[in-house]
Amino acid sequence: MKIVVAIDSFKGCLTSLEAGRAAEIGIRNADENICVKVYPLADGGEGTCKTLTDGLGGEIKTVEVTGPLGEKISAEYGKIGDLAVMEMASAAGLALVPENLRNPLNTTTFGVGEMILRAVQDGCKNFIIGIGGSATNDCGLGMLTALGFDFGTGIFGRDLANVKKIERTNKFRDCKFRIACDVKNPLTGENGCSAIYAPQKGADSETAKIMDGWIKNFAELSAPEKISVAGDGAAGGLGFAFRVFLNGELVPGVELILDALKISEDLRDADILITGEGKVDEQTLQGKAPAGVAKLAKSLNPKIKVVAIGGGVKKFIGGAEIDAAFSILREPMDLAAAMRKATALENISATVEQIIRLMI
């Protein structure tokens, strides 16, 4: 028998690989002869850099870059050979900006560009970049400026009002950018980045409307021939910047991560897939990482049994890809107790052991 384990992190408690290794212990307690393959799991959001870097045997690099408000900060990216794995939020995330200073007129993606430059200098040519959690609405102006594009203006959201020219660079023509992007918003309009997301980053309604006009003008100057696509509005227009200026490919996060991990090779002949996350509920089926790996598994191997585990299982009756779901809690306990690392590890191992004993 062959079992693939790919469990998302239990946020605030266990990393993806910690959860996966605990499940492996449970499987081997049931039958030490079972072939077990453990993979990390992420969806392109927070934690993707470490998850993918650890899973692929890479190293985390720490670099000094310009933060979203223009100050110097430390950011991290993962390096695996010539592949760099990044989260834009490490350099320009909303969590880096105090609530009283949140205003997309005054934030920049310049540090994201600096992070990319450092990775290129370090020998990277392939990039996987998650762009969730941004503090910015600068349409990538800051990032592109750091990379050597010249717009004749500054680097902050407010500087979109004064774009005077567009001078491109070919320095990155040999680089491949794959962008983990689950947002479907277009660049501008009533569902664009300014209208939908700028208010969450500190903009009032009038500022959001003005920025939408600036971004529309920027897009028309940048690429009048390139029709806007779903995802261009991600991260305050960063999706557009990657696609138009760096020939980036916008890919659903979980699909991108699964492809990078090459998990398909083991799913094709596996008997069981164990997946899950901290809470398994109706949202799990709506494009989250466990649903993504389950969907891939069933497409490659219709006979595979897919089991999800979670700290809680709420109103979950299964779906087309997930056959059954189990809570790992074995006795009543409050959330704080359940989220103790040692307790969670023990509960995963014990629950998975019982699941496997039933299935072998």
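Which residue in E11 is the bridge partner of Leu273? The points below take up that pairing and then the elements around it.

1. The model under discussion is predicted. In E11, Val306 is the bridge partner of Leu273. The strand that pairs here with E11 is E9, residues 272–276; the two run parallel and are joined by five bridges.

2. Strand E11 comprises residues 305–310 and is mostly covered, with five of its six residues buried. E11 is also joined to strand E13, residues 324–327, by four bridges, and this pair likewise runs parallel. Two partnerships may be located by residue: Ala308 has Ala325 in E13 as its bridge partner, and Gly310 stands opposite Ser327 in E13.

3. These pairings belong to an open sheet of five strands, ordered E2-E1-E9-E11-E13, in which the pairing is parallel. Its edge strands are E2 (35–40) and E13, each of which pairs on one side only. From one strand to the next the twist averages 20 degrees.

4. Which helix lies across E1, E9, E11 and E13? The helix is H13, residues 341–359, and its direction makes an angle of about 155 degrees with E11. Strand E1 in this arrangement covers residues 2–7.

5. The loop between strand E12 (312–313) and E13 contains Ile322. Is Ile322 buried or exposed? Its relative accessible area is 1%, and the residue is therefore classed as buried, the cut-off being under 20%. Between the C-alpha atoms of Ile322 and Ala30 the separation is 22 Å, the two residues being 292 apart along the chain.

6. The second largest pocket has a volume of about 240 Å³. Its lining consists of 13 residues, of which Phe10, Gly278, Gly311, Leu335 and Met339 are the closest to the pocket centre. By class, the lining of the second largest pocket divides into eight nonpolar, three polar and two charged residues.

7. A separate set of pairings involves strand E5, residues 83–87, where five of five residues are buried. Both faces of E5 are covered: Ala84 and Met86 are buried on one side, and Leu83, Val85 and Glu87 are buried on the other. A charged residue, Glu87, is thus listed with the buried residues of E5.

8. How does E5 pair with strand E4, residues 72–80, and over how many bridges? The sense is antiparallel, and there are three bridges. Within this pair, Lys79 has Ala84 in E5 as its bridge partner. E4 and E5 form a hairpin with two residues between them, and Gly81 in the turn has a positive phi of about 65 degrees.

9. E5 is further joined to E6 by five bridges, and these two strands run parallel. In this pair, Met86 stands opposite Ile129 in E6.

10. Strand E6 (126–130) and helix H5 (141–146) are linked by a loop in which Thr136 is found. Why does Thr136 count as buried? Its relative accessibility is 0%, and it is buried because the limit for that class is under 20%. With neighbours within four places in sequence left aside, Thr136 is in contact with Met88, Ala92, Thr107, Thr108, Thr109, Lys201, Ala235 and Gly236.

11. Cys139 lies in the loop between E6 and H5 as well. This residue is not a glycine, yet has a positive phi of about 55 degrees. Cys139 is buried, with a relative accessible area of 0%.

12. A positive phi also occurs at Lys262, a residue other than glycine, with a value near 60 degrees. Lys262 lies in the loop between helix H9 (253–261) and helix H10 (264–267). Its relative accessibility is 52%, so Lys262 counts as exposed, for which the cut-off is over 50%.

13. In helix H2, residues 48–55, the buried residues are Thr48, Cys49, Thr51, Leu52 and Thr53. Residues three or four places apart in an α-helix point the same way, because there are 3.6 residues a turn. H2 is followed by Gly57, where phi is positive and near 75 degrees.

Methods
Residues numbered from 1 in each chain as written. Predicted model: local features only at pLDDT ≥ 70, side-chain atom pairs only at ≥ 80, totals over all residues. Heavy atoms only, no water. Buried < 20%, exposed > 50% of the residue type's maximum accessible area, 1.4 Å probe, protein only. Pairing = 2+ DSSP bridges. 1 Å grid on protein atoms, 1.4 Å probe; cavity = no way out; pocket = protein on both sides within 12 Å on 5 of 7 lines; lining within 4 Å. Points joined across faces, edges and corners; volume = space filled by probe spheres on them. Axes fitted to C-alpha atoms, helices over the stretch in contact; angles between N-to-C directions. Contact = heavy atoms within 4.5 Å.
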